[in-house]
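Colleague: I have not looked at this structure before. Could we go through it together?
Modeller: Certainly; please ask as we go.

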Amino acid sequence: MATVVGGFYAAVHDADLDACRRSLDEGLAICAHHPIEPVEGFIRFQTVMFAEWTGAYDQAIQRSERAFALGAS
């Protein structure tokens, strides 16, 4: 989760979307090996915001389904 928060900071403070994307990928890879649903839900929600920031609204909608499903459990 700290990795993803660092990526969020990089995106917002430094306008470094590449660093943000890398942190999201790394966070999801960690969750694949060490699943913790609240953490995965947080990371997946961050991927929704990232998709919105980059104008990929269809991806944002698609990604939101899994993020919200994790949040509801």
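Colleague: At what angle do H1 and H3 pack?
Modeller: This is a predicted model. In it, the angle between H1 and H3 is about 20°, and their axes lie 11 Å apart. Angles under 35 degrees count as roughly parallel, so H1 is roughly parallel to H3.

Colleague: Is the crossing of H1 and H3 left-handed or right-handed?
Modeller: H1 passes H3 in a left-handed crossing.

Colleague: Which residues in H1 and H3 meet?
Modeller: From H1 there are Val 4, Val 5, Phe 8, Ala 11 and Val 12; from H3 there are Phe 42, Ile 43, Gln 46, Met 49 and Trp 53.

Colleague: Turning to the interior, which residues make up the largest nonpolar core?
Modeller: That core has seven residues, namely Val 4, Ala 11, Cys 20, Leu 24, Cys 31, Ile 43 and Phe 50. At least two of them come from each of helix H1 (2-14), helix H2 (17-33) and helix H3 (37-53). H2 gives the largest share, three residues.

Colleague: How many disulfides are there?
Modeller: The count is zero. For Cys 20, the nearest cysteine sulfur is that of Cys 31, 15 Å away, whereas a disulfide needs the two sulfur atoms within 2.5 Å.

Colleague: Then are Cys 20 and Cys 31 buried or exposed?
Modeller: Cys 20 is buried, its relative accessible area being 4%. Cys 31 is buried as well, at 7%.

Colleague: And what is Cys 31 in contact with, leaving aside neighbours within four places in sequence?
Modeller: Its contacts are then Val 39, Glu 40 and Ile 43.

Conventions. Residues are numbered from 1 along each chain as its sequence is written. This is a predicted model: local features need pLDDT of at least 70, side-chain atom pairs count only at pLDDT 80 or more; totals for chains, interfaces and linings use all residues. Side-chain values use heavy atoms; hydrogens and water are left out. A nonpolar core is a set of buried Ala, Val, Leu, Ile, Met, Phe, Trp, Tyr and Cys residues joined through side-chain atoms within 4.5 Å. Buried means under 20% relative accessible area, exposed over 50%, partly exposed in between (1.4 Å probe, protein chains only). Helices (H or I, at least four residues) and strands (E, at least two) are DSSP runs, numbered from the N terminus. Contact means heavy atoms within 4.5 Å. Axes are lines fitted to C-alpha atoms, for helices over the stretch in contact, and angles run from 0 to 180 degrees between N-to-C directions. Angles under 35 degrees count as roughly parallel, over 145 as roughly antiparallel, 65 to 115 as roughly perpendicular and the rest as oblique. A crossing is left-handed if the near helix is turned anticlockwise from the far one by less than a right angle, and right-handed if clockwise.
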